[in-house]
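Open the model in your viewer and keep the selection box handy. We will go from stop to stop, with something to select each time.

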Amino acid sequence: MHGPWHPILHNSPRPPKGVDGTGSGPAYTPTILNDYSWYRSLDTEKKEIRILFLEPEPIDSPKPVVVHVFNASLLADNVPRLYGCLSYCWGDPKVTKPIEINYTEKANTSESGLVTYQTKFNVTANLEAALRVLRSTLVRPVLWADALCIDQSDLGERATQVALMAEIYSQAVQTIVWLGEADSTTKMVFDFANLLADMQVKEVDPGAKAAGILCSRLHPLAKGQDQFTDEDVESDEFYQLRWGIQSLLARPFFRRAWVLQEVGLAIKDDIAVHCGPASLKWVALINLFSFEWRAAAYQGKVPIDLERNRRLSLPWRDTVLAPGLHYTLPEIWSYLRQSCSNNKRGNILELVMRKMEIQATDPRDQVFALLGLAKECQPAANQQLHQGFIPNYFITDVEVYIRFTKAVIEALGNVFIFSAVDTFNALTTREGRKLPSWVPEYDRQINLRQTFGFLGQGWYRASGNTKTVAEWPQDGTMTIKGVHVDWIGEDLEWGPFELAVETDNLNDLRIVPRLRITEHRGEGIKFLWRVTNARISQNPVPDQDLIETFILTLIASRKQFFNRELIRSVLNLPELTAEFAAYWLFCHGNFESLPASSSLYRSHKHLHELASTGQAARFGQRLFYTCDKRSFVVTQRGLLGLVPKNTTTLDQVVVFHGGNVPFVVRETSSPSTTGWNGTLVGECYLHGIMRGSTMVQIVRNELKWANFCLH
């Protein structure tokens with residue numbers, strides 16, 4: 001029995017406790033069952049956690065990992081900043097290794113003294129590898145690691161510890177990121193990252209080379225003060241560097257839900273990154289990824305050269321058969337860097353919408369892992385936290401998603417969260433789960449840049465300054481105030497027409513994405529114009545330049561696809577007409593179907609001149625982010641719009657209280673005494689009502705608010 005090491009011990013006895021089931025909390029995997037019965041229960045009043053002490057051993061020691069486990073209170077004066085937190089991925093749950101656990105506590109007898117319980121635990125090979133390296137490298141080998149510090153068999157404890165994780169990580173002396181074991185490129189990549197970091201604070205030999213580039217040139221390249229050239233990227237060393245960085249970016253750590261909170265709430269200067277025995281600071285790692293982003297902007301994907309790979313002994317992956325490697329950090333990491341550093345919290349809507357590519361074994365953790373990062377999910381003084389913001393592993397993922405959505409709507413006073421409802425992919429999982437139509441599937445991946453309501457915050461204002469007025473009479477049902485604006489229309493001749501934008505590489509401006517219509521694949525954008533022109537000529541809209549309205553509808557009035565700024569007139573963005581002309585000419589060869597002149601151009605000859613200066617691929621990019629997997633429609637009132645692809649002619653458009661964009665809804669039963677009954681189909685863009693004109697009609701008593709009951 002090993003001698004104890006304990007910073008804090010408590011008098012409360014350990015009640016007996018059995019292993020009772022599986023469940024799925026943070027870092028939980030159902031195939032690893034350990035006996036946690038020796039663990040003394042945690043005192044929630046004292047905010048107790050468990051901490052680990054690793055018995056030091058040399059790096060090459062074959063001895064098994066030995067860990068001492070102790071209870072400690074976050075409220076105690078000597079606990080904060082005493083331990084480090086381990087942030088890691090479990091790895092394959094079927095590949096495990098044993099470690100030795102020693103649990104020490106005060107004896108539950110009249111005599112003073114300590115008693116230590118000893119047992120074997122199975123942990124994933126990745127965790128065992130991390131502990132094996134850290135026991136030899138940490139000056140103070142005191143850690144918090146979820147798999148060992150949380151009783152994974154106790155649903156209640158998992159929920160309370162998850163609620164404390166923000167405090168656990170923010171109070172740690174250091175966060176230790178474990179990326180996994182090293183490969184043949186790790187040392188070279190980490191050395192390069194540390195060199196870039198050194199350049200920021202001290203002089204380096206300008207004549208020295210790294211990755212085949214002189215250090216005198218490397219410094220301005222790393223800071224974005226100079227552009228790459230072919231000479232910079234041709235060498236074997238540079239190829240090997242980019243391959244190594246791509247290998248690093250491909251690691252699952254950067255796509256695991258719980259590490260967002262673990263890294264996001266840590267003090268950035270105190271984050272140490274380990275990959276095998278190699279280490280660097282988190283800031284140096286982010287700077288390395290910024291360097292790779294600049295290199296990719298010039299060179300594109302890392303070109304796959306199989307002969308070069310063999311010669312340089314590069315690590316092999318399944319991706320070697322792909323055209324090239326192009327891994328990037330998921331979107332949310334950039335947001336965390338800007339908004340959630342050093343104990344600052346972010347916006348819950350931003351976190352939900354930006355977590356593309358983020359994965360969790362338990363679908364509930366797609367919500368729970370965000371709670372500690374969001375300012376709306378923190379308890380206010382003398383106020384009870386909404387139950388939707390409290391982790392609860394005793395309820396299903398559907399119940400978690402319903403409660404969370406209600407909590408977000410009440411906290412923000414709007415329904416911007418409706419933009420997270422997936423209208424792009426098949427609805428089979430939603431139907432199988434019996435998830436209400438207004439509740440997003442938070443474990444589904446959607447491209448935030450394709451959303452209208454999220455990217456339109458502050459610009460689209462369909463409901464003016466109204467706040468959401470809603471009630472939830474029963475689970476799964478939501479009653480919300482709104483106003484009926486328009487019908488999709490009963491004539492299939494005017495849509496909706498399902499759209500797709502096809503491209504081999506969205507970021508390559510040499511490739512022009514092509515807009516297709518399912519029923520008229522050869523017509524593309526020309527077919528949509530013919531429909532628009534024919535429909536509006538029957539029901540003209542006053543004060544409207546039709547070609548300008550057509551262009552603005554196709555791009556949802558966005559100035560750029562990657563930001564939130566909108567434009568009210570194409571004339572405010574002269575290059576847009578040139579891009580449109582170049583795209584039309586590329587797809588159809590002439591302008592015969594377009595008007596002879598408009599407010600945007602003087603003649604077809606002028607359009608040809610504009611097309612020669614525009615980039616067709618740019619307009620194709622715009623179409624991808626607004627039109628792909630949506631439908632185009634001319635409504636009953638003659639408004640042009642982009643709607644969810646599963647919209648039908650019998651659907652209608654409404655504006656909800658607190659909604660910055662309109663929504664398509666579908667009536668499923670006759671109106672009851674409480675009002676309209678039906679389902680939410682999804683957000684839409686309807687040109688002419690995105691800036692609050694509906695509110696003007698309400699003031700004039702032309703439209704009236706009504707209750708909509710969503711199921």
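The tour below starts with the whole chain, moves to one sheet and the helix across it, and ends with some helices and single residues.

**The whole protein**

Before selecting anything, keep in mind that this is a predicted model. Colour by secondary structure, and you have 21 helices and 24 strands to look through. The protein has 711 residues, and 57% of them are buried. Among contacts with a separation of 6 or more, 72% link residues 24 or more positions apart.

**The five-stranded sheet**

Now select β16, β17, β18, β19 and β23. In what order do these strands lie in the sheet? Reading across, the order is β17-β16-β18-β19-β23, in an open sheet with antiparallel pairing. Look next at the edges, where β17 (514-517) and β23 (685-686) stand. Each of these two has a single partner strand, so one of its sides has no neighbour in the sheet.

Zoom in on β18, residues 630-634. Is this strand mostly covered or mostly open? It is mostly covered, with five of its five residues buried. Show the side chains, and you can sort them by direction: Arg-630, Phe-632 and Val-634 point one way, while Ser-631 and Val-633 point the other way. Both sets are buried.

From β18, step to the strands on either side:

- Towards β16 (497-502), the pairing is antiparallel over two bridges. Select Phe-497 and you will find Phe-632 of β18 opposite.
- Towards β19 (residues 640-644), the pairing is again antiparallel, this time over five bridges. Here Val-634 stands opposite Leu-640 of β19.

Follow the chain from β18 to β19 and you trace a hairpin with five residues between the strands. Stop in the turn at Gly-638, which has a positive phi of about 85°.

One more step across the sheet takes you from β19 to β23, an antiparallel pair joined by two bridges. Pick Leu-642, and its bridge partner in β23 is Tyr-685.

**The helix across the sheet**

Add helix α20, residues 616-627, to the selection. Which strands does α20 lie across? The helix lies across β16, β17, β18 and β19, and runs at about 135° to β16.

Within α20, select Ala-616. This residue has a relative accessible area of 12%, so it counts as buried. Leaving aside neighbours within four places in sequence, Ala-616 is in contact with Val-512, Glu-579, Ala-582, Tyr-583 and Phe-586. For a distance to check, draw a line between the C-alpha atoms of Ala-616 and Pro-513: they are 103 residues apart along the chain and separated by 8.5 Å.

While you are in this part of the chain, click on Cys-627 as well. With a relative accessible area of 0%, Cys-627 is buried.

**Two helices to compare with the expected span**

Select α7, residues 236-249. From first C-alpha to last, this helix of 14 residues reaches 20 Å, close to the 20 Å expected at 1.5 Å a residue. Helix α7 is mostly covered, with eleven of its 14 residues buried. The buried set includes Phe-238, Tyr-239 and Trp-243, along with Arg-242 and Gln-246.

Then move to α9, residues 282-299. Its 18 residues reach 25 Å from first C-alpha to last, close to the expected 26 Å. Among the buried residues of α9 are Trp-282, Leu-285, Leu-288, Phe-289 and Glu-292. As a guide to the view, an α-helix has 3.6 residues a turn, so residues three or four places apart point the same way. Step past the end of α9 to Gly-300, where phi is positive, near 80°.

**A buried glutamate**

Select Glu-441, in the loop between α15 (428-433) and β14 (470-471). Is Glu-441 buried or exposed? With 6% relative accessibility, it counts as buried. Show its side chain together with that of Arg-433, and a polar contact of 3.2 Å appears between them.

**Looking for disulfides**

For the last stop, select the cysteine sulfurs. How many disulfides does a search of the whole structure find? The answer is zero. Take Cys-149, which is in no disulfide: the nearest cysteine sulfur belongs to Cys-85 and is 8.5 Å away. Cys-149 has 0% relative accessibility, so it counts as buried.

Key
Residues are numbered from 1 along each chain as its sequence is written. This is a predicted model: local features need pLDDT of at least 70, side-chain atom pairs count only at pLDDT 80 or more; totals for chains, interfaces and linings use all residues. Side-chain values use heavy atoms; hydrogens and water are left out. Two strands pair if DSSP finds at least two bridges between them. Helices (H or I, at least four residues) and strands (E, at least two) are DSSP runs, numbered from the N terminus. Contact means heavy atoms within 4.5 Å. Axes are lines fitted to C-alpha atoms, for helices over the stretch in contact, and angles run from 0 to 180 degrees between N-to-C directions. Buried means under 20% relative accessible area, exposed over 50%, partly exposed in between (1.4 Å probe, protein chains only). A polar contact is a pair of N or O atoms within 3.5 Å; within protein, one must be able to donate a hydrogen and the other to accept it, and residues adjacent in sequence count only if both atoms are side-chain atoms. A disulfide is a pair of cysteine sulfur atoms within 2.5 Å. The expected span of a helix is 1.5 Å times one less than its number of residues.
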